[in-house]
Amino acid sequence: MEILIRESPEAGCLLGARIIAGLVRRKPDAVLGLATGRTPLRLYGELVRLHREEGLDFSRVTTFNLDEYVGLAPDHPQSYRRFMDESLFGPAGFDPARTFVPNGVAADLQAECRLYERRIAAAGGIDLQLLGLGRNGHIGFNEPTGSLSSRTWIKILSEQTRRDNGALFGVAEEVPRHAITMGVGTILDARRCLLLAFGPAKVRAVELMVEGAVSALCPGSALQLHPRTTVVLDENSAAGLHHTDHYRWVDAHKLDWQRSD
Ligand code: GLP
């Protein structure tokens with residue numbers, strides 16, 4: 001894992017946006033895996049700015065989102081499809097036909113999961129998968145103790161995750177109990193992973209993910225097995241790590257071609 005600690009979520013999001021923008025400039029038809037949640041919002045804002053002010057072209061980019069709530073139609077205010085359309089796809093000029101989010105109201109949800117995997121494969125696989133980190137260590141909606149080799153499937157959300165996401169719904173009780181999510185195995189197939197985690201609420205999850213054993217108790221720890229994962233933290237989320245001197249040393253001594261940004 002490459003661990004990059006920045007002074008603030010703002011700086012971390014700008015770094016993440018530079019990494020994604022660099023990929024899209026090198027490969028205009030890149031395949032991006034995308035995430036929802038509060039964490040990547042500023043990163044998406046920066047991609048929108050790069051599109052509007054610097055002409056960064058996303059029209060040939062294909063995207064696959066990590067997950068969607070079961071039972072929420074694409075136009076539901078809290079659906080992840082709506083979140084993506086409003087925060088990124090619309091304002092940054094993505095081609096709607098190239099943006100994929102699992103369909104949480106598919107008549108046959110299991111068939112929808114298999115179709116999602118086939119679509120990712122048909123697109124040539126994911127070049128870069130953007131990830132957030134749940135307070136309990138989840139990635140996508142892969143909750144603790146789930147398989148570390150899972151594929152896209154329907155998962156049951158933990159009570160903590162429903163509480164954490166309840167703020168966006170107004171009432172925690174209204175958060176669906178199930179979600180379609182890429183599996184950990186699907187995520188590990190991406191050619192590069194970029195995980196962002198900021199703030200004091202993520203300290204324990206970051207510590208387990210980066211310095212703990214690879215364990216289904218912290219699904220994010222499976223990224224230790226991935227050949228190219230970049231983790232972007234702020235000072236708060238990195239506060240529980242024991243080897244920050246080493247991460248900063250490595251960050252400061254990279255050769256030019258090794259630098260992420
Ligand atoms: C949600 C999403 C995850 C996201 C995580 C963190 O449950 N399914 O993909 O990374 O929670 O959310 P936030 O960024 O709001 O802290």
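In which helix do Glu159 and Arg162 both lie, and how many residues apart are they? In the predicted model described here, both residues belong to helix H5 (residues 159-169), where a spacing of three residues places them about one turn of the helix apart. Their side chains meet in a salt bridge, with an N to O distance of 3.2 Å. The two partners differ in their surroundings: Arg162 counts as buried because its relative accessibility is 2%, under the 20% limit, whereas Glu159, with a relative accessible area of 48%, is partly exposed.

The structure holds 21 salt bridges, and a further intrahelical example is provided by Arg81 and Asp85, whose closest N and O atoms are 3.0 Å apart. Both residues lie in helix H3 (residues 80-89), four residues apart, which again corresponds to about one turn of the helix. Arg81 is buried, with a relative accessible area of 16%, while Asp85 is partly exposed at 33% relative accessibility.

A salt bridge of another kind is formed by Asp127 and Arg191, with the closest N and O atoms 3.0 Å apart. This pair links distant parts of the chain, 64 residues apart, since Asp127 is found in the loop between helix H4 (109-122) and strand S6 (128-131), and Arg191 in the loop between helix H6 (184-188) and strand S9 (193-197). Asp127 counts as buried, at 10% relative accessibility, and Arg191 as partly exposed, at 43%. Beyond such pairs, a network of salt bridges links Arg25, Glu46, Arg49, Glu53 and Glu54.

The sheet is open and consists of seven strands, arranged in the order S1-S10-S9-S6-S2-S3-S5 with parallel pairing. Its edges are occupied by strand S1 (2-6) and strand S5 (99-100), each of which pairs on one side only. Within the sheet, S2 and S6 are paired in the parallel sense over two bridges, and Gly33 has Gln129 of S6 as its bridge partner. Helix H1 lies across S1, S2, S6, S9 and strand S10 (229-234), and runs at about 165° to S9. Helix H4 also packs on the sheet, where it touches strand S3 (62-65) and S5, its direction making about 150° with that of S3.

In soluble globular proteins, nonpolar side chains tend to be buried together. In the present model, the largest nonpolar core comprises 33 residues, of which Ile20, Leu43, Tyr44, Leu47 and Leu88 touch the most other members. Two or more residues are given to this core by each of helix H1 (9-26), strand S2 (31-34), helix H2 (41-54), H3, S6 and S9, and the largest share, eight residues, comes from H1. When neighbours within four places in sequence are left aside, Ile20 is in contact with Leu32, Leu43, Leu47, Leu128, Leu130 and Leu194. Another core, of 29 residues, lies apart from the largest one and includes Ala190, Val210, Leu233 and Leu241 among its members.

Terms used:
Residues are numbered from 1 along each chain as its sequence is written. This is a predicted model: local features need pLDDT of at least 70, side-chain atom pairs count only at pLDDT 80 or more; totals for chains, interfaces and linings use all residues. Side-chain values use heavy atoms; hydrogens and water are left out. A salt bridge is a side-chain nitrogen of Lys or Arg within 4 Å of a carboxyl oxygen of Asp or Glu. Buried means under 20% relative accessible area, exposed over 50%, partly exposed in between (1.4 Å probe, protein chains only). A nonpolar core is a set of buried Ala, Val, Leu, Ile, Met, Phe, Trp, Tyr and Cys residues joined through side-chain atoms within 4.5 Å. Contact means heavy atoms within 4.5 Å. Two strands pair if DSSP finds at least two bridges between them. Axes are lines fitted to C-alpha atoms, for helices over the stretch in contact, and angles run from 0 to 180 degrees between N-to-C directions.
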